[in-house]
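Here's a short set of exercises to work through with the model open in your viewer. Try each task before reading its solution.

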Amino acid sequence: MSAPSSTNAWNKLTEQNIIIQFIDVTLRGCGQVMFQNNPITGLLFFIAIFLGAYWGNLPQAGFACLLGTAIATLTAYFYDLDKVSLRAGLYGYNGCLVGIGLATFLNPSFYLWIVVIFGAIISVIATKSLADFLKSWGVAALTAPFVLVTWTILLASYTFFGIKGISLPHPVTPDQFTITSSQALPYLNILIPDIFRGISEVFLLSSMTVGIIFVIGLAFNSIAAALYAILGSFVSVLASYFLQADASSINVGLYSFSAVLTGIALGSTFNTPSLRVTIYTIIGIIFTVFVQGALDTALAPIGIPSLTMPFVLATWLFLVSNKSFMSKDNQ
Amino acid sequence: MSAPSSTNAWNKLTEQNIIIQFIDVTLRGCGQVMFQNNPITGLLFFIAIFLGAYWGNLPQAGFACLLGTAIATLTAYFYDLDKVSLRAGLYGYNGCLVGIGLATFLNPSFYLWIVVIFGAIISVIATKSLADFLKSWGVAALTAPFVLVTWTILLASYTFFGIKGISLPHPVTPDQFTITSSQALPYLNILIPDIFRGISEVFLLSSMTVGIIFVIGLAFNSIAAALYAILGSFVSVLASYFLQADASSINVGLYSFSAVLTGIALGSTFNTPSLRVTIYTIIGIIFTVFVQGALDTALAPIGIPSLTMPFVLATWLFLVSNKSFMSKDNQ
Amino acid sequence: MSAPSSTNAWNKLTEQNIIIQFIDVTLRGCGQVMFQNNPITGLLFFIAIFLGAYWGNLPQAGFACLLGTAIATLTAYFYDLDKVSLRAGLYGYNGCLVGIGLATFLNPSFYLWIVVIFGAIISVIATKSLADFLKSWGVAALTAPFVLVTWTILLASYTFFGIKGISLPHPVTPDQFTITSSQALPYLNILIPDIFRGISEVFLLSSMTVGIIFVIGLAFNSIAAALYAILGSFVSVLASYFLQADASSINVGLYSFSAVLTGIALGSTFNTPSLRVTIYTIIGIIFTVFVQGALDTALAPIGIPSLTMPFVLATWLFLVSNKSFMSKDNQ
């Protein structure tokens, strides 16, 4: 499929005007959170993020997300990192998540903006380092830089009283976990909102509408990515109901956001869709749900959220030997 | 030494009959838990496991162990993984331990059998991935896939109320550790049962008879392996008495099972026995005891057991630079 | 600059007399804690350590430090490890820190000396293994062997009642952190002692005089190292006041010792000083402060100190991609 002429005109503009190029790269950075190298997808994502942040009474999250993406992109320009990755938004997506992640859990004081800017800068160094570290296994850094930088700052907020956590999980030992509500395997009227809220939680938001816009943004660039995102959310919701996780956490989407990313990554980004790939992806999605439960437990005593680390760990595990499990045709 | 004719006849059968071959590979998978590529050794191990599980009032542990090995072996066949490793049982031993590990700590409900099957499948993916990851250092995955998969499921059991832990350690901070019984360096009548129970704990069982059958199984394939297993248990029991660990834990074998594996691995599997190798192995065994104590402490607040991770960490540390510490003749 | 004749005479002596050589290598081992391959620097460091240990009512720390360095050096000779690294003291510095680290936190019983000797031996195996592990990324082991060995023994001290912790942090969940004293950004009369105490804490001591002797020792071998050490302490003190860390912890130097090492490493050891390098180093120093706060939180429930791990983690992150961020001239 050749690019439409409007796309060509835009691409030309990005070559001629550095400001337009910077905007283009920033938008792509947002799209790359779900592996999409497309400025329109990124624009739709940003619109959904600002809406979701506003609806969730957390308007600062939208601005922090935009700021994080922009600062990370600027840092990559400043250090003149490799052009292909830079122009594809690959130095921006971790800063994007650092921004929204910190704004979700920290008090919106002056310090929030300082750590968003600093965290976005560090996310670029972490992205480059992790990419170099992982190169010999042919595996991508995924969202690990976001998780490591955000964990560092959230953990540090317990000792730096200038930065204040507002909605960090209270530190407990895991024997104190209780089930607040349970539910049999749910009907469609519950399942469908759950699925889209699970997708919206990739950006730490919980809204069916926001999830739907994300899916539209994905579909604009890749139908397969949109379908595997829905598959990831669907399978993870079913699995967590089956395993009797806390139903209110499932409803919010907390067992799905990592699984959504695993679905897109294994199903459409690093493999070509097929039956064999889909089976492998479903196993990966279910494993992501287990890692989510495990990491929620392991982090409980130190009072930080798992973020997208379950996706990162499960997908790394499934990608290192991807070649051996997928036939050559599917890669 | 040429193989006896009965062995040759059996090997021929495994080539001709896929069912026989599958049984052969499953038995070898069990033997590989202690590094032995031999179906008779595996058969003796399985007999000891079923006996120990029955005596320990945990009969499901034997069946889960067999199921885990079989499922892992089937998964390797399904994905057509490399024949040499497959036929040697190297894709089966982690599933073997996943089965007995989960059955030891989880309630024997319908969910137990689901997670044993799922865990065994994941153990194969983890085995292949870790092997690929570690290839450039010439180091084996050891039992790390078992530990990682089992930790994930045990941790997740705190948030998934379908899966219930029954004998997981209660989450505590380490200042709450107490010594329940102490004892001076013990006489032979205490030491000898301790040593064999320590060997039986490799499969999470605690029985002198079971330990003796394991040693016979080892000796059937490798006298050196049997001797280094005993050395590992002997040194670790002495070291933990000397350091004043809780005596009842020593009696059960909890400071020895990782040390037993370190002994076999450093002494007979990855080196050829010699004085120099034996000194290095003894240092490695003592270090394994320290790592056991350390990991027991580090995992205390999240309520999971160390499993064989002390063996894995200590042996990796001692194997990466094995070449520099052993003279060329001994490898 | 050609070496003065006294240096030449000394170097000749080390070639002729194995005892003199052993002393030379042991002194260099101490100097290598701050990356200085110089026996006089090492001698000045040892003098400062004995003084600081005596003033801090912990005289055993000086002897343990010397013993750890000597045993590690002997182990490297025993295993005949590569001569260039051995003679530069690179197998000694982790043993040096293991000695002073264990003596700082453990009861000075007979067991202390056993674990100092054993820990020093293991530190050599860990140094070689980590160096081999990290080789393909062109990154050094730094003080990771010290941290891993010391963490192992300190954690194990909770389960081995022969080894007793005396000043280990009490295990708590991080919501129990309180600020014991706060302070606005301080004047020079507070700042200057803070800076030098921060440098003295590299060897777990807290004394302005000791810090000054360390700086003199650094300057004797490298003016740049001395300046970047001061920069590291200065920036980390300012950053931790700004972020409102507990002021009494800042005064003792607890937010600075890792940052000092990051400063020396990024500014003068692995790069040639320049403006670009200095900016990168300052970002690295500030990030080290965040990692310090994060690790202090993460380790709180298991009751062990962060040691120099914040330096190790931050510096690894900044060094893996050092090439991409520094222009070729500065490396």
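**Exercise 1.** In this predicted model, decide whether A:Arg197 is buried, partly exposed or exposed, then do the job again for its salt-bridge partner.

*Solution.*
- Step 1: A:Arg197 has a relative accessibility of 22%. The buried class ends under 20% and the exposed class starts over 50%, so A:Arg197 counts as partly exposed.
- Step 2: Look for the partner. The side chain of A:Arg197 meets that of A:Asp194 in a salt bridge, 3.1 Å from N to O.
- Step 3: Put that partner through the same test. A:Asp194 comes out at 0%, so this residue is buried.
- Step 4: Place the pair. A:Arg197 and A:Asp194 both sit in helix H9 of chain A (residues 188-200), three residues apart, which is about one turn of the helix.

As background, side chains of opposite charge can pair when their charged atoms come close.

**Exercise 2.** Where in chain B do B:Arg28 and B:Asp24 lie, and how far apart along their helix are they?

*Solution.*
- Step 1: Both belong to helix H2 of chain B, residues 18-31.
- Step 2: Because they are four residues apart in that helix, about one helical turn separates them.
- Step 3: Now check the atoms. The closest N and O atoms of B:Arg28 and B:Asp24 are 2.7 Å apart, and the two residues form a salt bridge.
- Step 4: Add the accessibility: B:Arg28 and B:Asp24 are both buried.

**Exercise 3.** Work out which parts of chain C are tied together by the salt bridge of C:Glu15 and C:Arg87.

*Solution.*
- Step 1: The two side chains, C:Glu15 and C:Arg87, meet at 3.2 Å, N to O.
- Step 2: C:Glu15 is in helix H1 (residues 5-16) and C:Arg87 is in helix H5 (residues 83-87), so the bridge ties together parts of chain C that are 72 residues apart in sequence.
- Step 3: Classify each end. C:Glu15 is exposed because its relative accessible area is 55%, while C:Arg87, with 21%, is partly exposed.
- Step 4: Zoom out. Over all chains, the structure holds 15 salt bridges, and a network of them links A:Lys128, A:Asp132 and A:Lys135.

**Exercise 4.** Describe what chain B does with chain A, and how many salt bridges there are between them.

*Solution.*
- Step 1: Count who takes part: 30 residues come from chain B and 32 from chain A.
- Step 2: Get the area. About 3,100 Å² is buried between chain B and chain A, with carbon and sulfur atoms giving 76% of it.
- Step 3: Find the big contributors. On the chain B side, B:Tyr79, B:Phe160 and B:Phe161 supply 22% of the area buried against chain A, more than any other three residues.
- Step 4: Count salt bridges between chain B and chain A: zero.
- Step 5: Take a residue from each side. B:Thr152, in helix H8 of chain B (residues 144-156), is buried because its relative accessible area is 11%. Beyond its sequence neighbours up to four places away, B:Thr152 touches A:Phe287, A:Phe290, A:Val291 and A:Ala294.
- Step 6: Over in chain A, A:Val289 is in helix H14 (residues 275-299) and counts as buried, since its relative accessibility is 0%. Outside four places in sequence, its contacts include B:Phe160 as well as A:Ser240. The C-alpha atoms of A:Val289 and A:Ser240 are 7.1 Å apart, with their positions 49 residues apart along the chain.

**Exercise 5.** Run the same analysis on chain B and chain C: how many residues take part, and what area is buried?

*Solution.*
- Step 1: Chain B puts in 33 residues and chain C puts in 30.
- Step 2: The two chains bury about 3,100 Å² between them, 77% of it on carbon and sulfur atoms.
- Step 3: Within chain B, the residues losing the most area to chain C are B:Trp137, B:Phe290 and B:Phe325, together 20% of what that side buries.
- Step 4: The salt-bridge count between chain B and chain C is zero.

**Exercise 6.** Find which residues line the second largest cavity, and sort them by type.

*Solution.*
- Step 1: A search of the whole structure turns up two cavities of 30 Å³ or more. The second largest has a volume of about 30 Å³.
- Step 2: Its lining is made of B:Leu97, B:Phe146, B:Glu201, B:Val202, B:Leu204, B:Phe257, B:Leu307 and B:Thr308.
- Step 3: Sorted by type, that lining gives six nonpolar residues, one polar and one charged.

Conventions. Residues are numbered from 1 along each chain as its sequence is written. Chains are lettered from A and ligands numbered from 1 in the order in which they are written. This is a predicted model: local features need pLDDT of at least 70, side-chain atom pairs count only at pLDDT 80 or more; totals for chains, interfaces and linings use all residues. Side-chain values use heavy atoms; hydrogens and water are left out. On a 1 Å grid over the protein atoms alone, a cavity is a set of points where a 1.4 Å probe fits but cannot get out, and a pocket is an open set with protein on both sides within 12 Å along at least five of seven lines; lining residues have an atom within 4 Å of a point. Grid points are joined across faces, edges and corners, and a volume is the space filled by probe spheres set on the points. Ala, Val, Leu, Ile, Met, Phe, Trp, Tyr, Cys and Pro count as nonpolar, Asp, Glu, Lys and Arg as charged, and the others, Gly among them, as polar. Helices (H or I, at least four residues) and strands (E, at least two) are DSSP runs, numbered from the N terminus. Buried means under 20% relative accessible area, exposed over 50%, partly exposed in between (1.4 Å probe, protein chains only). Contact means heavy atoms within 4.5 Å. Buried area is the accessible area (1.4 Å probe) that two parts lose on being put together, summed over both. A salt bridge is a side-chain nitrogen of Lys or Arg within 4 Å of a carboxyl oxygen of Asp or Glu.
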